[in-house]
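Reader: I'm in my first year and still learning how to read these models. Could you take one small part, go through it slowly, and then show me how it compares with other side-chain meetings in the chain?

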Amino acid sequence: MRIILRVFAIIGFLSVLLVAGAIALGIHLANRQPKLPDNIVLELDLEEPLAEAPATDPVAGLLGERRTTVEQVVRTLNRASKDSRVKGIIARTGNGVHSFAVTQELRDSIAKLRKEGRFAIIHAESFGEMGNGMQPYYLATAFEQVWMQPMGDLAITGMQAEMMFMRGALDKLMVEPQFRKREEYKSFAEQYTETGPTPANREAIDSLVGDLFNQWVADVAQARGLNDTAVRAAVDKAPLLDKDAVELKLVDKLGYWDEAVDWALEKAGGSTKPELISLQDYNRAPPEGLDLSINEAPLVAMIVGDGAIMRGDNKGDPLSGEESFGAATIAAAFDEAIENDQVKAILFRVNSPGGSAVASEVVRRKVLKAKASGKPVIVSMGAVAASGGYWVSMGADRIVAEPGTITGSIGVIAGKMVVKGLTDWAGVNFEPISRGANAGMWSANTPFTEGQEERLNAFLDSTYAAFTQGVAQGRNLPLDKVKQIAKGRVYTGRQAKELGLVDVLGGYTTALGEVRKSLKLAEDAPLRAVTLPHRRTQFDYLMDLLSGDTSAKVGDAVAGRVAERTLAPFRPMIGTLAPYLRADQDMVAVIPAMVRQGF
């Protein structure tokens with residue numbers, strides 16, 4: 001019997017070694033640095049969305065799933081602009097998967113590549129195809145050649161924000177929304193409390209859509225050598241047929257992807273045959289003529305806060321697939337940067353619609369602590385940095401945002417849904433047994449009492465006062481002016497700069513320029529960067545799994561993946577009904593979402 005047990009033990013041990021060895025070999029092969037040819041045409045697929053940060057869930061880590069990030073694309077394009085082997089770039093687009101601000105950041109990177117003498121061609125099978133093609137076409141206009149497949153359409157039909165209001169349905173369900181806000185422009189809860197937009201809400205959204213549309217028109221007109229009137233006329237005529245798009249000088253040529261590739265390879269020329277290299281493979285290869293002096297360059301910590309701001313660590317949402325902005329994770333990253341003597345500055349990328357005021361204050365405190373330690377903090381705003389996203393940013397030395405970034409929303413909202421009418425109708429009875437006058441304050445079965453209303457308003461007043469005072473101190477603005485421009489109103493990055501809420505317009509590249517200025521370096525001085533928290537490798541996840549450290553997390557993540565696929569058809573409804581807003585939740589996600597619907 002012992003011999004049999006030993007045989008099975010040996011077989012089991014060898015099986016584990018075999019599996020581990022196979023995974024390790026796969027990791028090694030996946031991470032090998034490719035050898036680059038001397039004549040390169042970069043290939044970039046812009047039909048897939050770009051992430052702000054790598055995925056943190058263990059299943060993705062074990063499987064080696066790589067999410068291409070905005071920073072990686074921008075950095076790699078900047079590197080390519082200085083590489084003599086790179087002759088140009090060919091990209092494909094067609095789907096509206098990028099936010100307005102990310103689109104602008106990509107346009108800036110392509111413009112820099114062209115400025116350094118590289119050609120740029122983009123191809124789309126269709127811009128929109130029975131949908132809205134404003135975003136992919138906006139991105140395409142950064143390229144010198146815009147090609148579209150025959151039979152494709154140019155659906156630059158304009159921008160529209162559709163606001164949904166559910167008060168009528170809630171009344172029929174006998175559900176009473178009880179929300180309070182500071183101030184009148186803090187409009188998130190209106191979808192529950194109103195049957196239509198308030199004048200303040202309509203004014204803010206109209207201003208937002210109007211400014212984004214004006215930016216789109218001006219940028220497209222400049223890129224295509226047209227005047228604003230011609231571009232606006234084309235939008236009003238859209239969707240445009242393929243030949244109409246060429247005739248109006250919005251598309252350069254009708255052709256297929258393989259023809260566009262042939263054009264790019266011929267354009268590259270050279271004594272050696274040019275080769276298509278994906279941007280991801282190019283990024284993994286060592287740079288041309290690696291300058292060892294870079295090791296002496298100042299070290300910059302790059303910290304990314306992405307998603308709804310919550311207390312605790314970063315977490316993945318199995319329903320949406322999105323990551324949360326965990327205050328504890330980001331705070332720990334700041335602590336590491338502060339304690340590392342080699343780190344000279346911090347570039348803090350913020351992409352968040354808001355969340356917990358308490359969690360936001362945890363992060364803001366770390367920003368101030370970093371500044372007090374003598375390390376400048378430069379914020380680079382992504383697609384949205386509003387409400388809590390602005391709270392964590394307001395204390396930075398400099399704030400950089402794209403003209404189309406959604407920001408501001410300096411305000412607070414709190415409340416609950418009272419479902420007693422619905423439960424009474426359904427024959428469901430809840431009997432509370434409590435101690436303390438306000439024990440049932442957040443119960444969905446009873447409305448706020450007069451005393452609870454007083455406590456809620458006291459909380460809102462205190463939070464709003466702290467927010468506006470923090471903006472005044474961080475942005476060096478008079479408090480009276482801050483109170484005038486706050487009120488929960490959302491702005492574009494361009495509007496925010498005019499108001500003093502943003503310092504400079506741009507993306508990662510501009511933010512790194514601000515880092516150099518803060519360190520009193522030359523404009524082209526080299527910088528080293530370290531990403532915090534450190535990105536975990538596939539090997540790290542494998543070792544954790546073998547040691548048992550992440551087995552539970554992997555199980556949870558797998559269950560989350562199953563739930564995500566199961567609930568995918570219901571995601572729009574879940575996203576609408578999810579926020580049972582507690583007092584520390586301040587969400588404005590609906591605003592950028594509405595604007596994206598028409599873009």
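Author: Sure, let's start with one serine. The side chain of S81 reaches the backbone oxygen of N78 at 2.6 Å. That is a polar contact (a pair of N or O atoms within 3.5 Å; within protein, one must be able to donate a hydrogen and the other to accept it, and residues adjacent in sequence count only if both atoms are side-chain atoms).

Before going on, a word about what you're looking at. This is a predicted model, so local features need pLDDT of at least 70 and side-chain atom pairs count only at pLDDT 80 or more, while totals for chains, interfaces and linings use all residues. Residues are numbered from 1 along each chain as its sequence is written, and side-chain values use heavy atoms, with hydrogens and water left out.

Back to the serine. S81 sits in the loop between α3 (70–80) and β2 (86–93); helices (H or I, at least four residues) and strands (E, at least two) are DSSP runs, numbered from the N terminus. With a relative accessible area of 2%, S81 is buried, a word that means under 20%, whereas exposed means over 50% and partly exposed in between (1.4 Å probe, protein chains only). Leaving aside residues up to four places away in sequence, S81 touches K112, L113, E116 and R118, where a contact means heavy atoms within 4.5 Å. The C-alpha atoms of S81 and A111 are 10.0 Å apart, with their positions 30 residues apart along the chain.

Now for the rings. The whole structure holds 12 aromatic pairs. Rings of Phe, Tyr and Trp (its six-membered ring) pair if their centres lie within 6.5 Å; planes under 30 degrees apart count as stacked, over 60 as edge-to-face and the rest as tilted. F100 and Y138 make a tilted pair, 5.1 Å centre to centre with 55° between the planes. This pair joins distant parts of the chain, since F100 is in helix α4 (residues 100–115) and Y138 in helix α5 (residues 134–140), 38 residues apart. Both F100 and Y138 are buried. F213 and W216 are stacked, because their ring centres are 6.5 Å apart and their planes lie at 5°. These two are three residues apart in helix α8 (residues 199–224), so about one helical turn separates F213 from W216. F127 and Y137 join F213 and W216 in one aromatic cluster.

Charges come next. There are 21 salt bridges in the whole structure, each being a side-chain nitrogen of Lys or Arg within 4 Å of a carboxyl oxygen of Asp or Glu. In one of them, D252 meets R224, with the closest N and O atoms 3.0 Å apart. D252 lies in the loop between α10 (242–247) and β6 (253–254), while R224 is in helix α8, 28 residues away. D252 counts as partly exposed because its relative accessibility is 32%, and R224 counts as buried at 14%. Another bridge pairs R398 with E514, again with closest N and O atoms 3.0 Å apart. R398 is in strand β14 (residues 398–401) and E514 in helix α20 (residues 508–518), 116 residues apart. R398 and E514 also belong to a network of salt bridges with R475, D503 and K517.
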